[in-house]
Amino acid sequence: MTNERSAKITIGGLEYELILTTKATKEIAKRYGGLEDLGEKLMKAENFEMALDEIVWLITLLANQSIYIHNRLNEEKKELLTEDDVELLTSPVEMATFKDAIMEAMFKGTKRYIESEEADTKNEVVE
């Protein structure tokens with residue numbers, strides 16, 4: 001369903017899709033001022049705890065997008081992931097790999113697809 005715009009991670013033995021939706025983009029903009037400011041903010045976090053808090057918040061936000069989508073389209077509802085879940089069910093080592101998944105989801109969510117059209121033969125120059 002959303003594979004072309006998601007990155008997968010595993011938390012507590014369960015697989016989650018990180019998806020950058022318009023809803024998530026609005027939340028990121030509220031917190032950081034925009035997507036372009038996100039990377040700078042993460043890199044300039046004053047301390048390790050603050051950096052972890054930001055990564056946990058982002059993972060929770062992006063993982064919950066796929067749950068919101070699932071719940072919207074299905075009668076069987078899934079429980080949302082909480083920041084406490086992420087903190088309790090992960091290790092600091094996993095956070096490093098999650099950063100890559102966050103960046104992948106962001107990249108896929110902002111990727112622009114350009115389709116080329118076949119040449120219009122009526123506008124071709126004939127010699």
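1. Burial and overall make-up. In this predicted model, 35% of the 127 residues of the protein chain count as buried. The chain holds five helices and two strands. Read from the N terminus, the order of elements is β-β-α-α-α-α-α.

2. Contact range. Among contacts in the protein chain with a separation of 6 or more, 63% are between residues 24 or more positions apart. The points below take up two helix pairs and then two single residues.

3. Helix 1 against helix 3. Helix 1 covers residues 22-32 and helix 3 covers residues 48-73. Their axes come within 10 Å and cross at roughly 160°. Angles over 145 degrees count as roughly antiparallel, and helix 1 and helix 3 are therefore roughly antiparallel to each other. The crossing of helix 1 with helix 3 is right-handed.

4. Residues in that contact. Helix 1 contributes Lys 23, Ala 24, Glu 27, Ile 28, Arg 31 and Tyr 32. From helix 3 come Glu 54, Trp 57, Leu 58, Leu 61, Leu 62, Gln 65 and Tyr 68. Sorted by class, the contact of helix 1 with helix 3 has eight nonpolar, one polar and four charged residues.

5. The aromatic pair. One aromatic pair turns up when the whole structure is searched. The pair is formed by Tyr 32 and Trp 57, whose ring centres are 5.9 Å apart. Their planes stand at 75°, and planes over 60 degrees apart count as edge-to-face, so the Tyr 32 and Trp 57 pair is edge-to-face. Because Tyr 32 lies in helix 1 and Trp 57 in helix 3, the pair ties together parts that are 25 residues apart in sequence. Both Tyr 32 and Trp 57 are buried, and both are also listed in the contact between helix 1 and helix 3.

6. Helix 3 against helix 5. The axes of helix 3 and helix 5 also come within 10 Å, crossing at roughly 50°. An angle of this kind is neither under 35 degrees nor in the range 65 to 115, so helix 3 and helix 5 are oblique to each other. Their crossing is left-handed.

7. Residues in the second contact. On the helix 3 side are Leu 52, Ile 55, Val 56, Leu 58, Ile 59 and Leu 62. On the helix 5 side are Met 95, Phe 98, Lys 99, Ile 102 and Met 106. By class, the contact of helix 3 with helix 5 has 10 nonpolar, no polar and one charged residues. Leu 58 and Leu 62 of helix 3 appear in this contact and in the one with helix 1.

8. Asn 64. This residue sits in helix 3. Its relative accessibility is 8%, and under 20% means buried, so Asn 64 counts as buried. Leaving out residues up to four places away in sequence, Asn 64 touches Leu 80 and Leu 81.

9. Leu 89. The loop between helix 4 (83-88) and helix 5 (92-110) holds Leu 89. With 45% relative accessibility, Leu 89 counts as partly exposed. Neighbours within four places in sequence aside, Leu 89 is in contact with Ile 11, Gly 12 and Glu 94. The C-alpha atoms of Leu 89 and Gly 13 are 8.7 Å apart, although the two residues are 76 residues apart in sequence.

Note on methods: Residues numbered from 1 in each chain as written. Predicted model: local features only at pLDDT ≥ 70, side-chain atom pairs only at ≥ 80, totals over all residues. Heavy atoms only, no water. Axes fitted to C-alpha atoms, helices over the stretch in contact; angles between N-to-C directions. Helix = DSSP H or I, 4+ residues; strand = E, 2+ residues; numbered from the N terminus. Left-handed = near helix turned anticlockwise from the far one by under 90°. Contact = heavy atoms within 4.5 Å. Nonpolar A, V, L, I, M, F, W, Y, C, P; charged D, E, K, R; others polar. Phe/Tyr/Trp six-rings, centres within 6.5 Å; stacked < 30°, edge-to-face > 60°. Buried < 20%, exposed > 50% of the residue type's maximum accessible area, 1.4 Å probe, protein only.
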